[in-house]
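Trainee: Could you take a close look at one part of this protein for me, and then show me how the rest fits around it? I would like one connected account rather than a list.

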Amino acid sequence: MSGSRATLLSLLVLAAWGCGDDRGREVRADGRLAGAAHGWNVVLVSVDTQRVDRLGAYGYQRRVTSPRTDALLLGAGARFERAMSPRGATWPAMATVLTGLYPTGHGVIRNGYGFPDDLPTLPRILQAAGYQTGAFLNNMHKANHSGWDEFYYGRGDDRRLVRKTHEWIRTLDRDRPFFLWAHFFGPHSPYHMAKLLEVMPGVDPEYDGPIKMGKVALDRILREQIPLDEADLEQLNALYDAAVLATDRNVGRLIDGLRTAPRADRTLFVYTSDHGEELYEHHDYFYHACSVYQTVLHVPLAIVAPGLIAPGTVLEPVVELADVMPTLLDLIDVEAPAEQHGISLVRLLERPDAAGASRAAFSEYDDTAIRTVLSDDWKLVLNPDEIEPQCVPGAPDFPFPIARLELYDLSTDPGETRNLADQHPDLVRKLEQLVEERFAGMSDRGQDQEIPEELRKELEALGYLAN
Ligand SMILES: [Zn+2]
């Protein structure tokens with residue numbers, strides 16, 4: 001056994017030993033979960049730009065990136081192997097988590113768009129149900145959120161975010177449950193969290209190539225299409241992994257500090273990400289907003305309910321971020337809004353071994369007709385208007401080329417490199433029909449929105465409106 005493998009294993013063993021099963025009760029004997037967490041606290045942990053395949057619990061072995069997240073969240077309850085985001089952009093994806101609706105349905109179809117005033121959102125619903133609500137965000141803080149008693153923006157500093165979260169927890173009324181949303185920014189470009197780590201295998205301190213932890217330098221690679229060699233890509237990947245590990249430490253700190261929260265033993269945790277990240281796998285692109293591939297749309301998802309859901313539960317069916325809200329409301333027995341595009345996953349959680357009918361997962365793309373659908377192992381990308389999204393600020397001649405039809409067999413081609421659309425016209429048609437049926441007649445709440453000029457400038461400066 002190599003030294004690094006031995007270190008990895010011992011870290012995982014220590015992590016598993018140190019937490020998870022020590023939370024107290026046996027898994028609920030009757031196995032029924034609907035309403036079983038009535039009155040429990042709810043903690044939503046979302047990590048911006050967190051790729052599934054860089055987390056240890058999802059099989060990443062190259063470097064140790066997520067020991068605490070694996071132990072405290074991904075291995076401590078139910079982990080979903082195939083959870084899908086509706087869009088590779090923060091605001092649309094997180095608004096889906098907070099509403100149970102696809103972007104068209106909630107209207108936050110682009111970064112910068114707002115929630116409709118009359119839309120029931122998770123914080124509004126839980127606040128009305130008597131919850132104390134607090135949002136601690138390192139992205140999307142400029143949206144017109146409501147339903148939060150406490151609202152804090154951490155200026156991109158995840159460690160400060162955790163500290164403020166703990167301060168808030170200490171002020172809470174012990175007679176009422178709380179709903180906490182903590183959104184971490186660590187793995188987002190320019191991967192600056194990586195600099196907090198002194199040692200990360202693969203990060204070359206002597207490296208002097210174009211990959212630098214700075215937005216200007218990284219943008220320049222795309223804008224000027226500077227070719228990257230193996231050493232550059234190794235540095236890019238190691239930096240991203242280091243940023244993931246730095247975030248993992250902050251996620252661990254967050255959970256540690258919640259052990260003394262009011263009613264801590266009755267706390268539901270949801271861990272997820274808004275989207276992943278391209279690291280040069282498709283069309284020489286890094287970042288996320290232009291991608292329609294699994295590198296970006298496949299996200300981690302875990303639901304932890306100590307005493308209710310057995311640690312180490314692994315669920316294979318395709319699920320969507322739109323399922324998070326109906327599932328949470330079902331668990332805590334709070335009525336869901338009439339209109340939900342997701343479904344409660346409680347039945348799946350109750351009977352993880354009973355394979356249900358497979359579902360399809362969908363994604364949208366701003367106000368364009370670009371859509372994706374994942375059904376079993378088949379992924380279809382539709383771009384009927386043959387739009388060429390512009391992905392790099394100041395580089396109008398560098399589109400992210402999405403074909404009119406792209407079909408991938410993820411069972412043999414998980415990297416989505418071989419377009420099989422021409423070989424399987426019947427399957428393409430069937431998947432197209434799934435998309436048509438899914439979005440037919442859906443309320444479009446995004447069509448009349450505009451981004452306020454000042455906010456547009458801010459988001460453009462951050463590169464959020466590149467496409
Ligand atoms: Zn994001």
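Mentor: Happy to! Let's settle the vocabulary before we zoom in: a helix here is a DSSP run of H or I with at least four residues, a strand is a run of E with at least two, and both are numbered from the N terminus. Please also keep in mind that this is a predicted model.

With those terms, tyrosine 280 is easy to place: this residue sits in the loop that links β7 (278–279) to β8 (286–287). Its phi is near 80 degrees, which is positive although the residue is not a glycine. Tyrosine 280 has 16 other C-beta atoms within 10 Å, so it counts as partly exposed; the exposed class ends at 12 and the buried class begins at 20.

Glutamate 386 makes a good companion case. This glutamate, too, has a positive phi without being a glycine, with a value near 50 degrees. It belongs to the loop between β13 and β14 (405–409). Its count is 11 other C-beta atoms within 10 Å, and therefore glutamate 386 is exposed.

Strand β13, where that loop starts, covers residues 378–382 and includes valine 381. Is valine 381 buried or exposed? It is buried, because 23 other C-beta atoms lie within 10 Å, and 20 would be enough. Once neighbours within four places in sequence are set aside, the contacts of valine 381 are Val292, Thr372, Ile402 and Glu406. Phenylalanine 362 is 19 residues away from valine 381 along the chain, and their C-alpha atoms are 9.8 Å apart.

Now for the part I would like to dwell on, helix α8 and its partners. Helix α8 takes in residues 230–258, and helix α2 (residues 67–74) packs against it with an axis separation of 7 Å and an angle of about 40 degrees. The two helices are therefore oblique to each other, since roughly parallel pairs need an angle under 35 degrees. Their crossing is left-handed. On the α2 side the contact is made by Pro67, Arg68, Thr69 and Leu72, and on the α8 side by Asp248, Arg249, Val251, Gly252 and Ile255. Sorted by class, this contact contains four nonpolar, two polar and three charged residues.

How much of α2 is covered? Eight of its eight residues are buried. Among them are the charged residues Arg68 and Asp70, alongside Ala71, Leu73 and Leu74.

The other partner is α6 (residues 158–170), whose axis lies 9 Å from that of α8, at an angle of about 10 degrees. That angle is why α6 counts as roughly parallel to α8. Here α6 contributes Asp158, Arg159, Val162, Thr165, His166 and Ile169, and they meet Thr247, Asn250, Arg253, Leu254, Gly257 and Leu258 in α8. The class tally for this contact is four nonpolar, five polar and three charged residues.

Another covered helix is α10 (residues 324–332), with eight of its nine residues buried. The buried ones include Val324, Met325, Leu328, Leu329 and Ile332, and also Asp330. Their cover comes from several elements, including the strands β1 (41–47), β6 (267–272) and β9 (298–304), as well as the helices α3 (90–99), α5 (122–128) and α11 (346–350). Just after α10 comes aspartate 333, with a positive phi near 60 degrees.

One more backbone detail deserves a look. Serine 189 and proline 190 are joined by a cis peptide bond, with omega at about 10 degrees. Proline 190 is found in the loop that runs between β5 (178–184) and α7 (215–223).

Finally, let's step back to the whole. The protein contains 13 helices and 14 strands. Its C-alpha trace extends about 60 × 55 × 45 Å along the principal axes. The radius of gyration is 21 Å, which agrees with the value near 23 Å for a compact globule of 467 residues. Buried residues make up 49% of the 467. Of the contacts between residues at least 6 apart in sequence, 70% join residues at least 24 apart. The contacts of α2 with α8 give you concrete pairs to inspect, with Pro67 and Leu72 on one helix and Val251 and Ile255 on the other among the residues taking part.

Terms used: Residues numbered from 1 in each chain as written. Predicted model: local features only at pLDDT ≥ 70, side-chain atom pairs only at ≥ 80, totals over all residues. Rg over C-alpha atoms; globule rule 2.2 N^0.38 Å. Contact = placed C-beta atoms within 7 Å. Axes fitted to C-alpha atoms, helices over the stretch in contact; angles between N-to-C directions. Parallel < 35°, antiparallel > 145°, perpendicular 65-115°, else oblique. Left-handed = near helix turned anticlockwise from the far one by under 90°. Nonpolar A, V, L, I, M, F, W, Y, C, P; charged D, E, K, R; others polar.
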